[in-house]
Structures are given as C-alpha cells and as structure tokens.
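Reader: Could you take me through one helix of this model up close, and then work outwards from there to whatever surrounds it? I'd like one connected account rather than a list.

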Amino acid sequence: MSTRGKLVVLSGPSCVGKSPLVKALAQFYPAIYKKLHPMVLYNSRSPRPGEKDGEDYHFRQREEIDRFRAKENFVVMDVRGDLQALDLEELRGSLESADVLFEGNPFVGTMLLTHPNLENIERLSIFIAPLSREEFDFLRRQIGIDLRSLVTDVMRRKLLRRMQRQKTILSARDLEEAERRAGSALRELSMAHRFQNVIANHDGEDSENWSAFYFPLGDARKTLLAVAALLEGKSVPVESWTDFLPSLGKID
C-alpha cells in the first residue's frame, strides 16, 4: 500500500551534526520544517541533558523494548549497545497525512531504506559524513594510516567536546559511551552507499558554527543550505559513495 507522505531519512554517525542541523532547519526554514512530522522511536538508554520523553524518544526500560520483538508491527534493533524500536504501523499512519522525518543513526536509517514492509514508501535519504569522500580516498592511499583508528579518533574528539559542554565533568561511564560510539563510526560510514545523498560536514555537534553566530557558518551553513534545498526538491551538488564499501574492504 502506497502512502501520501514521503519518509525523509537523515542519518550519520553520532555527533556528526544531525541534531543542530534539524534545530537550524526549524529556526531558519520554518515553512519546510513544519511539513515534517518527527519520527519518535523507543530507546532503552537514559535521556541526555535537554532530551524529553515522547519528543526525542520514547524512553523505556530495556526489558519492555525487548518484549516488542514478539509483536509483528515492531522492529527492534541493538544500536551501539542500546535497544531501539520502531512501530511500523504508527509510521504508516503518520505517512498517510504528512511527510515524516527520521533523524538518527545509520543502523535505523538503513533499516528504513531496506525493510520489505516499507518498500512502497517514497523516501528522501541524506547521510551526513564527518569527512569527504576525497579525504577518505586520500587517506586510504597513505602508507601507515589505519583508517579505522583515524575515524575513531576524529569522532572521539567530537563526542568528548560535546559531552564536556553538556556535563563539564565526565564520568567513567561517559568516557565508555564516547569510546563505544566513536568505535562504531567507520562501520556506520560504510552504510553511506545506501543513501541517495551524502554531505560532508566537518562541523559536528561540537562546533560553535551552528549557533554561536546569527546564522550557521562554515560547513554547518553549507550543510543546512544543501539539506533545505533537497527538502524543497531542488538539485544540489552532493557526494555519491556507491563504491565506498568495496574500496575499504570488509568492515566488521
């Protein structure tokens, strides 16, 4: 069964800049943003500072989400150690009357692009990457560079800066979470080839370029303009990572 609305899938590794991008979209392109109904998934982790139950996620105990596996209309996924779940029936109901925006990790994003029960849904998929394809190709050719370690370090630094802004003093659990998310980044980047549009953005959630000035600057500005244009149905220069996975070999 086809639906009236389209599904907008906005994904990328943790701390790549998805959240401030959506906030900037709501602030500077309210007419575009108001057409998007945010998708709210279930999540077993605790809320981060500023997150609200029912708006960012449905925060539930892990055991409750695990029980959703027995229900046909739910998809339950283990995402970086957290359980997340999507109610497919609820999603289809929302798409009957509006466009729906998913903003989140590539594990769920890829599922939304490949799940057989969603094959008749119109989709616009956008992947935000912390490095450009040219940078990856350049680094891959350099002798002595471990690409996994480099990507992990790039994302670790972004995550730690974000956490320090949120909490100032980080606990051992915070450091473990940052390491887990940073270590997952290369695997998540290997999923970018499934997305129609890949946008390189060096201004992650740790960057002041999103909100310190009147309007986003640097890569934050370029990313915002590109996403706004794509949502308006315009053609914009984006990257294609169709052959990104084969070029790196097997990613665990």
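Author: In α8, the buried residues are Asp174, Glu177, Ala178, Arg181 and Ala182. Seen down the axis of α8, these buried residues fall within an arc of 130 degrees, so they line one face of the helix. That fits the general pattern: an α-helix has 3.6 residues a turn, so residues three or four places apart point the same way. Turn to the face of α8 that looks away from the buried side and you find the exposed residues Ala172, Arg173 and Glu176. Keep in mind that this is a predicted model.

As for its build, α8 runs over residues 172–183, which makes 12 residues. From first C-alpha to last, α8 reaches 16 Å, close to the 16 Å expected at 1.5 Å a residue.

So what covers the buried residues of α8? The cover includes β6, α7 (147–167) and α9 (185–189). Let's take α7 to begin with. The axes of α7 and α8 come within 8 Å and cross at roughly 145 degrees, and the crossing is right-handed. On the α7 side, the contact is made by Arg148, Thr152, Met155, Arg156, Leu159, Leu160, Met163 and Lys167. From α8 come Asp174, Leu175, Glu177, Ala178, Glu179, Arg181, Ala182 and Gly183. Asp174, Glu177, Ala178, Arg181 and Ala182 are thus both buried and part of the contact with α7.

Now for β6, another part of that cover. This strand sits in an open sheet of 4 strands, ordered β4-β3-β6-β5, with mixed pairing. β4 (58–59) and β5 (74–79) stand at the edges with a single partner strand each, so one side of each has no neighbour in the sheet. Helix α5 (residues 106–114) packs on this sheet, touching β5 and β6, and its direction makes about 145 degrees with that of β5. Inside the sheet, β3 (residues 42–43) and β6 (residues 82–87) run antiparallel and are joined by 2 bridges. There, asparagine 43 stands opposite glutamine 84 in β6.

From here α5 takes us on to the other sheet. That one is open too, with 5 strands in the order β2-β7-β1-β8-β9 and parallel pairing. Its edge strands are β2 (36–38) and β9, each pairing on one side only. Ignoring direction, neighbouring strands of this sheet are turned by 25 degrees against each other on average. α5 packs on this sheet, touching β1, β7 (99–104) and β8, and its direction makes about 150 degrees with that of β1. Helix α10 (residues 218–231) packs on the sheet as well, touching β1, β2, β8 and β9, at about 165 degrees to the direction of β9.

Within this sheet, β8 (residues 123–129) deserves a look: 6 of its 7 residues are buried, so the strand is largely enclosed by the rest of the structure. On one pairing, β1 (residues 7–11) runs parallel to β8, joined by 5 bridges. Leucine 7 has arginine 123 as its bridge partner in β8, and serine 11 stands opposite phenylalanine 127. β8 also pairs in the parallel sense with β9 (residues 197–200), over 4 bridges. Here phenylalanine 127 turns up again, standing opposite valine 198 in β9.

Two residues around β1 round off the tour. Lysine 6 lies in the segment before β1, and at 18% relative accessibility it counts as buried, because the cut-off is under 20%. Leaving aside residues up to four places away in sequence, lysine 6 touches Leu95, Ala98, Asp99, Val100, Glu122 and Leu124. Its C-alpha is separated by 9.3 Å from that of leucine 36, 30 residues apart along the chain.

Cysteine 15 lies in the loop between β1 and α1 (18–28). With a relative accessible area of 1%, cysteine 15 is buried. Its backbone is worth checking too: cysteine 15 has a positive phi of about 80 degrees although it is not a glycine. For background, most residues other than glycine have a negative phi.

Definitions and conventions:
Residues numbered from 1 in each chain as written. Predicted model: local features only at pLDDT ≥ 70, side-chain atom pairs only at ≥ 80, totals over all residues. Heavy atoms only, no water. Pairing = 2+ DSSP bridges. Contact = heavy atoms within 4.5 Å. Axes fitted to C-alpha atoms, helices over the stretch in contact; angles between N-to-C directions. Expected span 1.5 Å × (residues − 1). Buried < 20%, exposed > 50% of the residue type's maximum accessible area, 1.4 Å probe, protein only. Arc of directions from axis to C-beta. Left-handed = near helix turned anticlockwise from the far one by under 90°.
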